[in-house]
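Student: Please give me a close account of the aromatic rings in this model and of the residues around them. I should like the geometry, the place along the chain and the burial treated together.

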Amino acid sequence: MNPSYLKKYVEMHPGNKMAWYLLGKEYERSGQVGKANYCFNKAGHIYEAFESSKVPAEVWKEYEAKLLEASAQKERRSRRKRKLLLALMILLLMFIPSIDDPSIAENSMVAVDTSSIEEDYLTLPVQEVDNPSAPVKGPRAASLAFTAKAYGGGAGNKALGELIMGKGPQAQLTAVLGMRQHGKWLLWKRDMPVMFTVERDPASGRAAVQSYDAKSCECKPPDEGPLRKKANQWTKEQEASAVVTSAVEHFRQKNGRKPAKLGELVKPYPDNWIAGSSPELEAAFEQAVQEDHDPSGTGANGSSKGGSTKSAAGTDGRTRSNAHAGSKPFFNEPLEILVDKTSHRLALVSGNVILRSYKVGLGADRTPEGSYAITEKIVNPNGRSNGEFGSRGMQLSDTNYAIHGTNEPDSIGKDESLGCIRMSKEDVEELFDLAPKGTKVTIGKGIVPDLSADSEMRFVLQDRPDQTNPHRTYHWLF
């Protein structure tokens, strides 16, 4: 008898003392005395009863076989139940009108609980949802969309169920990237893995699922190379969109109107709301202008203009790409900076999604807690790129505190500053490009997990105006 079967059984039924006893006997026969004694201790009085009795070995061998057979039957029943749920979803899909029908409201969709359908969708390399035996004859999609979802712990299957039921990007081929989850936080990266794709046939409404996770599908997935380049471009576009929409809102709050063109945001100091420009920023601004003039009166997150924004990006799978007009930006909430004095972390977030997380140097009690805003963005503070403030500085409200670089890189992660927030050169220069003027900054304790969320692919803007300020000497508490 292979002990692995009994081991699996006791993991599922840790209170079954007989199972522990039988597993201990198997370990004893194979010479694994330590493991055997552990199992015998778990067996308690069963061990004592059987060891002191004259029960023939054949008897407890027969019991062992019946125990394992009962476990196998239970597992088969559980699998049949999951397949029944899958069949139910397929039947529902057959009677639901086309998801492209504009008359169907989101709240009229039939809800299907996919949380108990463990890995059924992802057990095959390719699966036709309404006809599992039908082969997929190559990509039929004329449009491609991306979104990102949490993965692990059944989250991937929930995301898949939502896409199949018509929630999320309305493209013929949708690729889902995986975000790591930590508590309430989702970790965004420029190089997130492709979890799976859902391909729809607009004529029949059928959906084919292709897993790209070898562990989940127990298969050899296709090369994700063709998708990877497009996915990296999509994540770059989404970051640019988050920068633009945040800057537009801060500009509106300051001036009482929205900017008419991107050039109003990308200007020399002190009107440098955004540090530079790029093709992605230009496209994102065009999209924001189109949505602002949307006759339907709904914003990027589907809520009425002027109303409150929905919760975090990543929970509804909204997506946008320059190549796919009409799709929505992924990030629905303005960018915000959180500084955690406990973990020495500075995180750039949108809702519950962490876009970047950097290690920073602080000043312990000298670094004040509270809410601030970036009121100035300066390149080479005090005319130097290698001075005490490094190559970038972002002043916090009307205070002597700032987020800036440092000429003491060894102080990162420590409490050696006089109160300011120190960053490495590469990190502060990327944050300078990502965080527009007006970005809210919250400093506190226990507000950001100690997780790295940086990427080898940095966010860098081009076409940069002059953002130096030679007419002022800054006296930040570095």
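Tutor: The account below begins with the chain as a whole, goes on to the aromatic rings and their surroundings, and ends with some backbone details.

This is a predicted model, in which local features require a pLDDT of at least 70 and side-chain atom pairs a pLDDT of 80 or more, whereas totals for chains, interfaces and linings take in all residues. Residues are numbered from 1 along each chain as its sequence is written, and side-chain values rest on heavy atoms, with hydrogens and water left out.

The chain has ten helices and 14 strands; these are DSSP runs (helices H or I, at least four residues; strands E, at least two), numbered from the N terminus. Of its 478 residues, 48% are buried. Buried denotes under 20% relative accessible area, exposed over 50%, and partly exposed the range in between, with a 1.4 Å probe and protein chains only. Among contacts (heavy atoms within 4.5 Å) between residues at least 6 apart in sequence, 67% join residues at least 24 apart.

The aromatic pairs number twelve. Rings of Phe, Tyr and Trp (its six-membered ring) pair if their centres lie within 6.5 Å, and planes under 30 degrees apart are called stacked, over 60 edge-to-face and the rest tilted. One of these pairs joins tryptophan 188 to phenylalanine 331, with 4.8 Å between the ring centres and 65° between the planes, an edge-to-face arrangement. This pair links distant parts of the chain, its members being 143 residues apart. Tryptophan 188 belongs to the loop between β4 (185–187) and β5 (194–200), and phenylalanine 331 to the loop between α9 (279–292) and β7 (336–340). Tryptophan 188 is buried because its relative accessibility is 0%; phenylalanine 331 is likewise buried, at 5%.

A second pair is formed by phenylalanine 251 and tryptophan 273, whose ring centres lie 5.7 Å apart with planes at 65°, so this pair too is edge-to-face. Here the partners are 22 residues apart: phenylalanine 251 is in helix α8 (residues 225–255), while tryptophan 273 is in the loop between α8 and α9. Both of these residues are buried.

Tryptophan 188 and phenylalanine 331 also belong to an aromatic cluster, which they form together with Phe146, Trp234 and Phe330.

The surroundings of the first pair include a charged side chain, that of glutamate 239. Glutamate 239 is part of helix α8 and has a relative accessibility of 0%, so it counts as buried. Apart from neighbours within four places in sequence, glutamate 239 is in contact with both members of the pair, Trp188 and Phe331, and also with Arg190, Leu355, Arg356 and Phe459. Arg190 is, in addition, a contact of asparagine 232. Asparagine 232 lies in helix α8 and is buried, with a relative accessible area of 16%. When residues up to four places away are set aside, the other residues that asparagine 232 touches are Asp191 and Met457.

The loop between α8 and α9, which holds tryptophan 273, also contains proline 270. Proline 270 is joined to tyrosine 269 by a cis peptide bond, with omega about 10°. In general, most peptide bonds are trans, and most residues other than glycine have a negative phi.

Elsewhere in the chain, two residues that are not glycine have a positive phi: alanine 364, at about 55°, and serine 397, at about 50°. Alanine 364 sits in the loop between β9 (353–359) and β10 (370–379) and is partly exposed because its relative accessibility is 30%. Serine 397 sits in the loop between β11 (392–396) and β12 (402–404); with a relative accessibility of 19%, serine 397 counts as buried.

One further aromatic residue, phenylalanine 196, has its C-alpha atom 7.0 Å from that of valine 209, although the two are 13 residues apart along the chain. Valine 209 is in strand β6 (residues 207–211) and is buried, with a relative accessible area of 1%.

Phe432 is one of the buried residues of helix α10, together with Asp427, Val428, Glu430, Leu431, Asp433 and Leu434. Seven of the ten residues of this helix (residues 425–434) are buried, so α10 is largely enclosed by the rest of the structure.
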